[in-house]
Amino acid sequence: MAAQEVLLQVGEARCALRPDEACQLCQPGATGPDDCPVAWLVRHDPELAQELAEELRARQCG
Ligand code: SF4
């Protein structure tokens, strides 16, 4: 897939860690939030996953 095609598809995607922001492909190797290595690490670390869930809940309520 050409880089421009990736950017067009990702342009619609939201950051897995900051859903109020568009995915900016800020992590090397990421083609979007689904294969973002940092998002993967956060999702697979129980403490970080809980912190992210609490942060997202707080944003929804705030
Ligand atoms: S690459 Fe990962 S951390 Fe960076 S904006 Fe996209 S989802 Fe978020």
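**Close-up views of a predicted three-helix chain**

**View 1. Helix α3, residues 46–61, and its length.** Helix α3 holds 16 residues, and at 1.5 Å a residue these should span 22 Å; the C-alpha atoms at its two ends lie 22 Å apart, so the expected span and the model agree. The structure shown here and in the following views is a predicted model. Helix α3 is hardly covered by the rest of the chain, for the count of buried residues among its 16 residues is zero.

**View 2. Leu52 and its surroundings in helix α3.** Leu52 has 17 C-beta neighbours inside 10 Å and therefore counts as partly exposed; a residue would need 20 or more such neighbours to be buried. When neighbours within four places in sequence are left aside, Leu52 is in contact with Leu17 and Val42. Val42 is ten residues from Leu52 in sequence, and the C-alpha atoms of the two residues are 7.8 Å apart.

**View 3. Glu21 in the loop between α1 and α2.** Is this residue, Glu21, buried or exposed? Glu21 counts as exposed, because 10 C-beta neighbours lie inside 10 Å, and a count of 12 or fewer places a residue in that class. Not counting residues up to four places away in sequence, Glu21 touches Arg14 and Cys15.

**View 4. The shell of residues around the ligand.** The ligand is surrounded by 13 residues, of which the closest are Cys15, Cys23, Cys26, Pro33 and Cys36. What is the division of the shell into nonpolar, polar and charged residues? Eleven residues of the shell are nonpolar and two are polar, while no charged residue belongs to it. Cys15, one of the closest residues to the ligand, is also one of the residues that Glu21 touches.

**View 5. The whole chain, with its three helices.** The chain contains three helices and zero strands, and its pattern along the sequence reads α-α-α. Of the 62 residues in the chain, 8% are buried. Among contacts with a separation of 6 or more, 10% join residues 24 or more positions apart.

**View 6. Confidence along the chain, with a mean pLDDT of 86.** A pLDDT of 70 or more is reached by 81% of the residues. Where in the chain is confidence lowest, and where is it highest? The lowest confidence falls in helix α1, residues 3–10, with a mean of 53. Helix α2, residues 37–44, has the highest, at 95.

Notes
Residues are numbered from 1 along each chain as its sequence is written. This is a predicted model: local features need pLDDT of at least 70, side-chain atom pairs count only at pLDDT 80 or more; totals for chains, interfaces and linings use all residues. A residue is near a molecule or strand if its C-beta atom, placed from the backbone, lies within 6 Å of it. Ala, Val, Leu, Ile, Met, Phe, Trp, Tyr, Cys and Pro count as nonpolar, Asp, Glu, Lys and Arg as charged, and the others, Gly among them, as polar. Helices (H or I, at least four residues) and strands (E, at least two) are DSSP runs, numbered from the N terminus. Two residues are in contact if their C-beta atoms, placed from the backbone, lie within 7 Å. pLDDT is the predictor's confidence in each residue, from 0 to 100. The expected span of a helix is 1.5 Å times one less than its number of residues.
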